[in-house]
Each structure stands twice: as structure tokens, then as C-alpha cells.
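Reader: I've just opened this one and could use a hand. Can you walk me through it?

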Amino acid sequence: MQQGFLTLPDGHPAMMVMGEPTGKTEKVDPEEEKKRKNSFATFASGESSNESFVPYYCFACGSFVMAVDGRLHQMPRRKTDSAIVLDSKKRLKHRLEQGEVKTLKREGGVEKQYRWRCTCGVPISYQSSEWTTEVQYVYIIDCSLALNPSVVSLYWREEGRMLPECFSVQQEDEEEAKTEGSKQEPVVVIAIEVVPECKRFGIQKLEERMVVEVAAQVVGGDMKLANSEAVKGVVKVLGSSSKQVKLDHAANALCISGISSKDAMRRLVCAMH
């Protein structure tokens with residue numbers, strides 16, 4: 001692994017320092033490049049302006065690498081590694097290179113991943129068969145892509161170590177844990193501000209409060225629909241269940257279980273506009 005890299009969950013490396021890649025550019029054989037283009041949809045720079053495609057950027061270097069026909073946080077995740085599942089034929093076009101073949105031990109057997117990487121060398125996605133074969137699904141590695149490249153720069157400037165001011169971590173109530181017969185686990189608390197009547201769900205800020213925009217209308221000052229949409233959106237972004245994300249109306253905060261504060265922050269940062 002190159003110097004200046006950190007490691008995210010599942011061995012995914014990410015740069016600590018922004019800048020140009022330090023490694024030398026590899027020469028690509030013309031025939032291999034032709035196979036790559038034929039095996040996995042690529043796009044010209046003009047195509048990414050199509051409004052139906054959402055641009056995504058490498059979470060390590062901030063480079064524009066993929067356009068997706070839809071938003072990643074709305075797609076399903078694998079239970080094994082939380083990778084986002086995409087229909088390769090209908091949902092995306094990309095500027096990725098062939099990477100390494102990774103063999104991983106899984107419950108009940110072995111999994112082989114044929115990985116696609118950014119030009120900076122960081123793996124972004126993988127598929128279950130060779131690169132030149134047509135596949136129905138491509139898997140986006142958890143926290144490998146972000147909506148906003150400037151947010152990526154800010155995250156690594158802090159080396160991914162600082163939690164936003166709106167985050168706090170508290171232990172589950174001891175009496176409640178005993179009653180439910182479960183082990184006590186940390187609960188991530190995020191102060192939230194919901195902004196209704198926007199174009200769509202979106203995370204705008206992670207500062208004193210997490211500012212979440214939603215499309216729901218407010219009738220007679222009732223924020224019930226807006227709050228519900230905000231919670232459902234955050235559940236999707238985190239890959240959690242509705243039972244793990246609860247809104248504390250009195251504190252205007254989300255109480256989240258089943259995920260670490262670091263993982264929650266990374267996924268929220270990746271989904272920020």
C-alpha cells in the first residue's frame with residue numbers, strides 16, 4: 001500500500017493528502033483498452049451533463065469517475081460488505097480502469113472480486129466475473145464515491161478523524177438494555193434541522209446541526225411528513241433499518257444504533273450535496 005493512505009472498512013484505502021497521484025501512469029495496451037470499453041459502459045465528457053445522470057467523485061482524490069442514473073443512497077446494499085448494488089446495463093457509465101482481482105473468505109466459501117479503480121489507484125467497484133464479460137450487477141464499495149468533491153477535500157484535510165459538531169456518542173440506557181436482554185452498545189446522536197418544501201431529499205450541512213432538505217410540504221405548521229421523509233432518507237444513506245434510526249422530537253436529534261460514529265459520518269459525507 002502506498003505511503004499517505006489510510007484504510008477504510010473492508011480494506012478500502014483512501015488518501016490522507018489531496019493532490020496528484022504519486023505513482024507513474026501505466027501504459028494501456030490498445031487491445032486491452034478496447035476490451036475494457038466494450039465490457040463496461042464508458043462515457044464522453046458531454047454525456048455527464050444529462051440531467052438523468054447524477055455525477056459521483058472518488059472519495060480519495062475527488063476525481064469525477066462515474067455518472068449514475070439514480071442516487072446511490074436509494075439503491076440496495078449487500079449484507080456482506082455494505083457495497084451498493086447497481087444494475088450495470090441501465091444505471092451507470094464510468095471512467096474507471098481495471099484493477100486487481102481480490103479473493104475474500106466468506107461464510108460458506110470464497111468470493112472473487114474483479115475490481116475497478118479510479119485513476120489514482122483506489123478501488124471503486126467490483127464485479128463477480130472477469131472484466132470482459134457482461135454482468136448484470138456491479139457493486140460500489142462502501143464510501144468509495146461522494147456527491148461533492150469539495151466535501152472530500154475537507155474530510156481528508158481533517159484526516160477523517162474529527163466528528164462534526166452535530167455528532168455525539170452516548171451509551172444506551174443501562175436499565176433498558178437489561179430489560180431487552182441485549183448488550184449495551186453506543187448510540188450515535190446527531191442534532192438535525194429539517195428544511196421542508198425543497199426539490200428532493202438531500203444532506204446540505206454537517207456543522208452545529210445536520211441540515212436535511214426534503215420535498216414534503218408543511219400544512220398548518222405540521223412537520224410530521226417532513227420529519228418522516230428526513231428519517232427515511234437518512235436510513236437509506238446509512239444502510240440501516242427504521243428500527244435503528246429514531247427521531248427525538250424534544251432534542252431535535254436522530255438517535256442511531258447498529259453503526260459506528262465513523263461509519264455514519266463517512267456515509268453521510270458521501271451523500272452530501
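**A helix, its surroundings and a sheet**

Reader: What distance between the end C-alpha atoms of helix α4 would agree with its 15 residues?

Author: Helix α4 covers residues 224-238, and elements here are DSSP runs numbered from the N terminus: helices are H or I of at least four residues, strands E of at least two. The expected span is 1.5 Å times one less than the number of residues. For 15 residues that should come to 21 Å, which agrees with the end C-alpha atoms, since they are 21 Å apart.

Reader: Before we go on, what kind of model is this?

Author: Residues are numbered from 1 along each chain as its sequence is written, and side-chain values use heavy atoms, with hydrogens and water left out. Local features need pLDDT of at least 70, side-chain atom pairs count only at pLDDT 80 or more, totals for chains, interfaces and linings use all residues, and the model is predicted.

Reader: Which residues of α4 are buried, and what covers them?

Author: Buried means under 20% relative accessible area, exposed over 50%, and partly exposed in between (1.4 Å probe, protein chains only). The buried residues of α4 are Ala-226, Asn-227, Ala-230, Val-231, Gly-233, Val-234, Val-235, Val-237 and Leu-238. Their cover includes β13 (186-195), β14 (202-206), β15 (210-213), β16 (245-248), β17 (253-256) and α5 (261-271).

Reader: Which element gives the largest share of the largest nonpolar core?

Author: A nonpolar core is a set of buried Ala, Val, Leu, Ile, Met, Phe, Trp, Tyr and Cys residues joined through side-chain atoms within 4.5 Å. The largest one has 39 residues, and Phe-167, Met-210 and Leu-268 touch the most other members. Its largest share, seven residues, comes from α4.

Reader: Which strands stand at the edges of the open four-stranded sheet, and why does each have a side without a neighbour?

Author: Strands count as paired if DSSP finds at least two bridges between them. The order is β6-β4-β3-β11, with antiparallel pairing. Each edge strand has a single partner, so one side is left without a neighbour in the sheet; these strands are β6 (92-94) and β11 (145-146).

Reader: Which residue of β6 is the bridge partner of Val-68?

Author: Strand β4 (residues 64-68) pairs with β6 in the antiparallel sense over three bridges. For Val-68, the partner in β6 is Leu-92.

Reader: Is Cys-143 buried or exposed, and what is its relative accessible area?

Author: Cys-143 sits in the loop between β10 (137-140) and β11. Although not a glycine, Cys-143 has a positive phi of about 65 degrees. Cys-143 is buried, with a relative accessible area of 8%.

Technical notes
Contact means heavy atoms within 4.5 Å.
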